[in-house]
Amino acid sequence: DALPAENRPISDATVDAATIAIAVLLAASLGALPFVWRNRGADVLIRWAVPIILLGVVLWDPTGRWWMDASAGTKTGTSPLVERHAASAAELGGAAAFLAARGAEGPVRFFSFHPELATIGRGGCCDYHKHVLDPTGEATLVGNRALRLGLQDIQGYDPVQDARYYSYIHVLNGRDQDYHEAGIMPEGLESPLLDMLNARYAVVPAGRPPADQPELAKLIQDWPTVYKDEQVLVLENPDALPRAWIVHEADRVTREQALTRLLDPEFDPRERALVELSGVHVDPAGEPAEDRATVTSYEPDRITLEARSDAPGFLVLSEVYNPGWTAYVDGEEVQLYRANYLFRGVELPSGAHHVEFRYEPASLQTGLMVSSVA
């Protein structure tokens, strides 16, 4: 609740609570000084004084505003970083406003492609995260900006990136990048793996692409423009898969086989799924075009769908598989499969069904129990 009705990174209530807590700690530390002096000597007193000094510094400037302003040569009372991020969140505009409006209709993903902001076209790895304060970086939503704006970006910098997602992006691009990075490179723009990520939109710079950026020119030519302003274009991927879909063929594969099969031109993810466990039962649909899988609720730890098919099928959800997730069909827990190397999948009987995915990791329950006992 402390984070941000006013779209500020740290609210006044949070700062006040932290200041009171630090003040109590500082008072307790100062009160203990006579005891330390009488019983432990000067050497211990010096070691004791260090955290007291640090507590005093934090109490004086709990949000680090003075230090950041001093380094930037400003005296505004708020760091430039805080001001720029607060403005971006409070005043959605341009591509961000367009994507937010589309996201309100249902979950959808995008990615940015701006060769001039990164080394992706020149033999290196993505550097989008270094341009978080650049005007062009703001306009094209690079540098994990989407996270703060509540948008869903398939790119970003993450110090603890999921290993399978890293491998998936590596194969998608056809070459490596820093393992903290997940960026779409020129070679990946036509990959079928991009479509399975529900990457519906691409945000690219406006204007005529330079001659040394043929991939960007081709992308603008091949994908329809659905939004345009002076800084950016938003292009729509005509081949992007929905967030969830139903197939009526399933093959069992190993982890190593899965990525290779996904790149096979004969493999169509709209008709077939690859799973790493046996036991999936599907039948051909009488009217596969009538299959439906619609996301009705999307939360960080709970996703619900309404699905329908006239034959037993397999529902693929374009969300990263994790064993902490549990699947339910019409209220009954069912087996959650790893589908197409990266995603989640469940079996569906014929007919209409309510499907729910909940994040219920056993590690959380165990951790709560251990912490409570401790």
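**Exercise 1. Through how many residues does a hairpin join β11 to β12?** Work out the pairing around these strands in the predicted model.

Solution.
- Step 1. The hairpin runs from β11 to β12 through two residues.
- Step 2. Seven bridges hold β11 and β12 together, and the sense of the pairing is antiparallel. One point to check on the structure is Ala 293, whose bridge partner in β12 is Ala 307.
- Step 3. Strand β12 (residues 302-309) is also joined to strand β18 (residues 351-359), by eight bridges; these strands run antiparallel. Here Thr 304 stands opposite Glu 356 in β18.
- Step 4. Strand β18 pairs with strand β14 (residues 325-329) as well, in the antiparallel sense and over five bridges. Trp 325 has Tyr 359 of β18 as its bridge partner.

**Exercise 2. Give the strand order of the open sheet of five strands, and state which helices pack on it.**

Solution.
- Step 1. The order is β2-β1-β5-β7-β6, and the pairing is mixed.
- Step 2. β2 and β6 (225-228) are the edge strands, each pairing on one side only.
- Step 3. Strand β1 (residues 109-112) and β2 run parallel and are joined by two bridges. Within this pair, Arg 109 has Gln 152 in β2 as its bridge partner.
- Step 4. Helix α5 (residues 94-104) lies across β1, β5 (199-205), β6 and β7 (232-236), and runs at about 170° to β5.
- Step 5. Helix α10 (residues 214-222) also packs on the sheet, where it touches β5 and β7; its direction makes about 125° with that of β5.

**Exercise 3. Describe how helix α8 packs against helix α11.**

Solution.
- Step 1. Helix α8 covers residues 163-173 and helix α11 covers residues 255-262; their axes are 11 Å apart and the packing angle is about 35°.
- Step 2. The crossing of α8 and α11 is right-handed.
- Step 3. From α8 the contact takes in Arg 164, Ser 167, Tyr 168 and Val 171, which meet Arg 255, Leu 259 and Leu 262 of α11.
- Step 4. Sorted by class, this contact has four nonpolar, one polar and two charged residues.

**Exercise 4. Locate the largest pocket and say what lines it.**

Solution.
- Step 1. The volume of the largest pocket is about 1200 Å³.
- Step 2. It is lined by 33 residues, and those closest to its centre are Leu 147, Asp 153, Asp 158, Glu 319 and Val 320.
- Step 3. At least two lining residues come from each of α7 (145-149), β2 (152-153), β3, β11 (292-299), β13 (313-320) and β17 (343-348). Two of these strands appeared above: β2 as an edge strand of the open sheet, and β11 as a partner of β12.
- Step 4. The class count for the lining is 16 nonpolar, nine polar and eight charged residues.

**Exercise 5. How many cavities of 30 Å³ or more does the model have, and what lines the largest?**

Solution.
- Step 1. Rolling a probe the size of a water molecule over the atoms shows where empty space is left.
- Step 2. With the cut-off at 30 Å³ or more, the count is one cavity.
- Step 3. The volume of the largest cavity is about 80 Å³.
- Step 4. Its lining holds 14 residues; nearest its centre lie Tyr 128, Gly 143, Asn 144, Gln 155 and Gly 156.
- Step 5. β3 (156-157) and β4 (181-182) each give at least two residues to this lining. β3 also supplies at least two residues to the lining of the largest pocket.
- Step 6. By class, the cavity lining has five nonpolar, seven polar and two charged residues.

Note on methods. Residues are numbered from 1 along each chain as its sequence is written. This is a predicted model: local features need pLDDT of at least 70, side-chain atom pairs count only at pLDDT 80 or more; totals for chains, interfaces and linings use all residues. Side-chain values use heavy atoms; hydrogens and water are left out. On a 1 Å grid over the protein atoms alone, a cavity is a set of points where a 1.4 Å probe fits but cannot get out, and a pocket is an open set with protein on both sides within 12 Å along at least five of seven lines; lining residues have an atom within 4 Å of a point. Grid points are joined across faces, edges and corners, and a volume is the space filled by probe spheres set on the points. Helices (H or I, at least four residues) and strands (E, at least two) are DSSP runs, numbered from the N terminus. Ala, Val, Leu, Ile, Met, Phe, Trp, Tyr, Cys and Pro count as nonpolar, Asp, Glu, Lys and Arg as charged, and the others, Gly among them, as polar. Axes are lines fitted to C-alpha atoms, for helices over the stretch in contact, and angles run from 0 to 180 degrees between N-to-C directions. A crossing is left-handed if the near helix is turned anticlockwise from the far one by less than a right angle, and right-handed if clockwise. Contact means heavy atoms within 4.5 Å. Two strands pair if DSSP finds at least two bridges between them.
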